[in-house]
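Me: Please take a close look at one part of this model, the charged side chains that pair with one another. Then set that part in the context of the rest of the chain.

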Amino acid sequence: MKSTDDPYVEELISNGHSDIGLWDNGSWLQVYPEGIKELLLRIKERYGNPPVYVTENGYGDLFNTKKNKDEAITDKKRKRYHELHLAKVSDAIKAGVDVKGYFAWSLTDSFEWESGYTQRFGLAYVDYDTLERTPKDSAKWFSQILEKY
């Protein structure tokens, strides 16, 4: 089934309201953790609670040539982004949604089709000159969470 054939698909039409979100990162992405919970609950209600994998959720920092490697590795906003979103995923699970997995976008900083190398989404910092990879603070935070399970 294509999304255009799905009777539950709603077309978004501008309503003159401003973007939602706690903060933005200078790009088209807005941070709205409550939205992931709302979406998961909607999937449960409308589609009979199928198993769900959140396969791509993440936060991108605009590439700043003035930031040194140490500053880029200290990615407090990305860590906070995932903390807030995982808390809402947990709320959805408590409400009975069958969430089977959550995958951070992305493991490493990479080329983004629309943005090239201007944003960094990775849990690991990539030095684009040497291709050296260094775990960011958000990756260390994820490791601590995974050790509990």
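Reply:
**The charged network and its surroundings**

E34, K88 and D91 are linked in a network of salt bridges (a side-chain nitrogen of Lys or Arg within 4 Å of a carboxyl oxygen of Asp or Glu). The model is predicted, so local features need pLDDT (the predictor's confidence in each residue, from 0 to 100) of at least 70 and side-chain atom pairs pLDDT 80 or more, while totals for chains, interfaces and linings use all residues. Residues are numbered from 1 along each chain as its sequence is written, and side-chain values use heavy atoms, with hydrogens and water left out.

Within the network, K88 pairs with E34 at 2.9 Å, N to O. K88 belongs to helix α3 and E34 to helix α1, so this bridge ties together parts that are 54 residues apart in sequence. (Helices are DSSP runs of H or I with at least four residues, strands are runs of E with at least two, and both are numbered from the N terminus.) K88 also meets D91, with 4.0 Å between the closest N and O atoms. That pair stays inside helix α3, where D91 and K88 are three residues apart, about one turn of the helix.

K88 is partly exposed because its relative accessible area is 23% (buried means under 20%, exposed over 50%, and partly exposed in between, with a 1.4 Å probe and protein chains only). E34 is partly exposed at 26%, and D91 is partly exposed at 28%.

Helix α3 carries another bridge, between K79 and E83, with the closest N and O atoms 3.6 Å apart. These two residues are four places apart in the helix, again about one turn. Both are partly exposed, K79 with a relative accessible area of 29% and E83 with 25%. The count of salt bridges comes to ten.

Helices α1 (34–47) and α3 (76–94) are also among the elements that give two or more residues to the largest nonpolar core, along with β1 (52–57), β3 and α4 (137–147). This core (buried Ala, Val, Leu, Ile, Met, Phe, Trp, Tyr and Cys residues joined through side-chain atoms within 4.5 Å) has 13 residues, and I36, L40, V89 and Y102 touch the most other members. The largest contribution to the core comes from α4, with three residues.

Y102 shows what one of these core residues meets. Beyond its neighbours within four places in sequence, Y102 is in contact (heavy atoms within 4.5 Å) with I36, V54, N57, H82, H85, L86, V89 and F142.

N57, one of the contacts of Y102, lies in strand β1 and is buried, with a relative accessible area of 9%. The side chain of N57 makes a polar contact of 2.6 Å with that of Y81 (a pair of N or O atoms within 3.5 Å; within protein, one must be able to donate a hydrogen and the other to accept it, and residues adjacent in sequence count only if both atoms are side-chain atoms). With neighbours within four places again left aside, N57 is in contact with I36, Y81, H82, H85, Y102, F103, A104 and W105.

W105 is in turn touched by E112, which also touches F121, not counting residues up to four places away in sequence. E112 sits in the loop between β3 (99–104) and β4 (119–120). At 13% relative accessibility, E112 counts as buried. The side chain of E112 has a polar contact of 3.4 Å with that of S110.

As for the whole chain, there are four helices and six strands, in the order α-β-β-α-α-β-β-β-β-α. Buried residues are 32% of the 149 residues. Of the contacts with a separation of 6 or more, 60% join residues 24 or more positions apart. About 10200 Å² is exposed, with 53% of it supplied by carbon and sulfur atoms (Shrake-Rupley method, 1.4 Å probe).

Confidence bears on how far this reading goes. The chain averages a pLDDT of 83, and 78% of the residues score at least 70. Strand β2 (residues 61–62) has the lowest mean, 78, and strand β6 (residues 133–135) the highest, 96. Where pLDDT is low, the predicted coordinates should not be read in detail.
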